[in-house]
Amino acid sequence: MGTALIYDEEMTKYKLLWVDPACKIETPERLTVSYEALVRNALAERCISVPVREATNSEILLVHSEEYLEAVKKTPYMTLEDLKEFTLQYGDVYFHPNIYHCAKLAAGSALQLVDCVMTERVRNGMALVRPPGHHSQHSAANGFCVFNNVAIATRYAKQKYGVKRVLIVDWDIHHGQGVQYCFEDDPSVLYFSWHRYEHQTFWPQLRESDYDSVGKEKGAGFNINVPWNQVGMESSDYLSVFCHVLLPVAYEFCPDLVLVCAGFDSAIGDPEGKMCATPEIFAHLTHLLMNLAGGKLCVVLEGGYNLTSLAQSVCQTVQTLLGDPLPRLANLSGPCRSALESLQCVRSAHRQYWSCLKHAASLPPADISTKRIKLAEEEAKTEVGEEEKSTEEKVWPEPPKRFSPPVRCASVLPDDVTRPDGCKRLGADQDVNPLTASKLKDDDCDTLSRVITLVEKMEQNEICSGLALVCDVTVAMTQVVQHLTPDPVNRVLIVCVGNGKVPSHITRDGKTLVVQINSEETEDQNSKYYIPVFLKKGCSDTSGFMHAVFGLILPLGYEYDPNLVLLVRMPDSGVCDAVWQQLTGLLQSFAKGHTLVLMQENEKAFVGPTTSVLLGDPAPPLENRQAPNTEDLNVVERLRDRLQVNWNLLQTTSECTG
Ligand SMILES: CC(O)(O)NCCCCN
Ligand SMILES: [Zn+2]
């Protein structure tokens with residue numbers, strides 16, 4: 001199934017007709033540079049082009065009032081003076097004779113996207129639209145927005161397709177208060193937003209944008225606000241929030257559909273956001289959402305005002321929706337102190353609503369809301385609108401080309417195991433490097449030499465990922481590590497699922513990081529590079545397992561930044577299919593998708609499900625999970641406490657930073 005792209009140049013045919021410093025950044029070029037970049041990078045042609053349509057009155061009325069709609073309907077016939085007059089009643093937005101038409105197309109594009117995803121005509125897709133939507137409210141335009149495209153699409157999906165739970169992820173750097181107001185009392189819609197806040201001094205300066213707005217009445221817990229109280233946030237800060245807040249909660253919520261308010265003003269270079277995350281981060285944010293809801297993901301453009309980073313970020317997003325391998329994220333530093341404060345506040349505010357956050361720490365000592373009041377007073381004193389001191393132009397390297405190796409997935413299987421289609425057999429003898437074959441001493445040497453050859457072809461980017469059934473996964477793992485580690489650039493992340501002895505020598509050189517999820521205490525080798533995660537109920541407990549995946553494996557993987565991932569299924573691991581497939585999918589975040597899966601020969605039943613994920617299919621959704629049991633939550637928290645001195649991305653509270 002493919003990726004939809006919805007774009008029409010009609011939506012470029014409105015602009016600001018008078019002087020208004022707050023609105024001049026919202027230009028038609030935003031859309032043209034984004035679409036042209038998709039064309040130039042041969043991404044548009046790989047998408048399924050879906051036509052736009054106008055949202056109907058009744059669709060718009062799913063969110064907006066009749067009075068508001070009737071008022072907006074009059075704008076095409078207004079004089080310039082009338083338009084200016086009409087605009088004055090709203091904040092930071094402008095009207096134009098053609099903006100009503102474009103606003104209907106923007107909302108209609110989001111509905112078209114929902115239709116083709118929900119009818120499974122496509123797996124996922126992106127709508128390149130303007131005007132944006134997430135600030136507009138029941139009876140008000142606001143923040144360049146006229147109709148709330150994503151809120152309308154959410155109501156539409158529930159009404160037309162009976163979707164029970166919708167997750168909205170808003171990665172725009174502004175708070176989508178319009179979306180929050182729409183769903184704050186609705187437990188069927190989980191709204192997550194991070195936004196520049198600076199203790200309520202950044203636009204729209206709303207008290208209800210802070211982390212303690214958790215939703216109302218039945219909706220309590222279903223509204224998650226992550227305020228950024230400083231500018232300059234980087235990829236590490238964004239990934240920390242995904243790993244330690246959004247993903248655990250999103251998986252517990254178990255949505256049937258995911259919508260993204262995709263604003264790219266959270267990228268480096270943007271005049272509004274003033275953040276420092278590079279465009280590649282959106283490839284990862286997109287990927288981390290692609291195994292939710294069976295892959296049903298609708299990405300709708302919101303903001304983004306630096307034409308260079310906007311175009312690059314849109315390309316990173318679409319290329320990931322198409323299933324291409326992700327770029328590596330170089331030298332992640334770990335979250336800054338301010339981000340940790342926000343992280344701790346959000347986790348503590350939602351502790352009572354989500355079992356995955358039950359053990360989150362309480363509010364940081366200097367509760368940052370007091371800072372909010374003090375700063376707001378100071379801000380009131382300084383004359384409003386003083387130019388930002390640092391206006392230096394941000395520069396960043398162009399994101400590297402992400403090309404797909406000729407072979408997406410190759411397998412080394414016993415002759416009696418049928419090879420899943422799409423997966424190339426690596427086995428014809430001419431493939432095997434005779435030098436390697438000679439080096440291997442083992443009764444299984446034929447298989448092992450083919451495994452090594454597979455790894456070599458992954459290193460040469462001829463093959464993206466691989467799967468092998470071997471007679472002893474521990475031997476195979478050791479051979480692979482021995483083959484790779486002499487090369488100084490190699491760093492291998494090994495994720496062992498299940499009990500069994502991992503040879504200690506393979507973690508000695510720091511070129512290998514082993515995380516083992518098992519159900520029996522292994523003597524603690526107390527090495528930074530061997531991390532046993534002991535789960536009471538072992539790998540059979542979905543929630544405990546996934547808690548370890550988000551809270552430990554993902555942060556460690558991002559910080560370690562391996563160039564190969566070994567996913568090893570130890571004998572009798574007891575891990576269930578769906579969890580195994582989720583892990584396989586999530587591990588493709590690392591090493592440009594170079595994942596080698598090792599399984600025992602008798603696990604041939606898992607070859608199909610594993611291969612489908614390695615080939616880019618989404619992992620099936622996990623059932624609506626019961627709470628992780630307390631001991632397992634404790635284990636992960638204790639491990640995080642112990643390890644975070646060495647691994648910064650494991651931090652979730654601000655106390656620990658020195
Ligand atoms: C869509 C959006 O969130 O980027 N709009 C930002 C409006 C900023 C007004 N000062
Ligand atoms: Zn924005």
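Here are two short exercises with worked solutions on this predicted model.

Residues are numbered from 1 along each chain as written, and ligands are numbered from 1 in the order in which they are written. In this predicted model, local features need pLDDT of at least 70 and side-chain atom pairs count only at pLDDT 80 or more, while side-chain values use heavy atoms, without hydrogens and water.

**Exercise 1.** Find which residues are the protein donors of the zinc ion (ligand 2), and state whether D172 is buried or exposed.

*Solution.* Start with the donors, meaning N, O and S atoms within 2.8 Å of the metal (3.2 Å for Na, K and Ca); water is not among the atoms, so sites may look incomplete. D172 appears twice through OD, joined by H174 (ND1) and D265 (OD), at 2.0 to 2.6 Å from the zinc ion. Next, read their spacing along the chain: D-x1-H-x90-D. Finally, check accessibility, where buried means under 20% relative accessible area, exposed over 50%, and partly exposed in between (1.4 Å probe, protein chains only). D172 has 1% and is buried; H174, at 5%, is buried too.

**Exercise 2.** Locate the cis peptide bond that joins W203 and P204, then look at phi of Q205.

*Solution.* First, recall that most residues other than glycine have a negative phi, and most peptide bonds are trans. The bond between W203 and P204 is cis, with omega about 5°. Moving on to Q205, its phi is positive, near 55°. With 43% relative accessibility, Q205 is partly exposed. Now try Q200: its phi is also positive, at about 75°, although Q200 is not a glycine.
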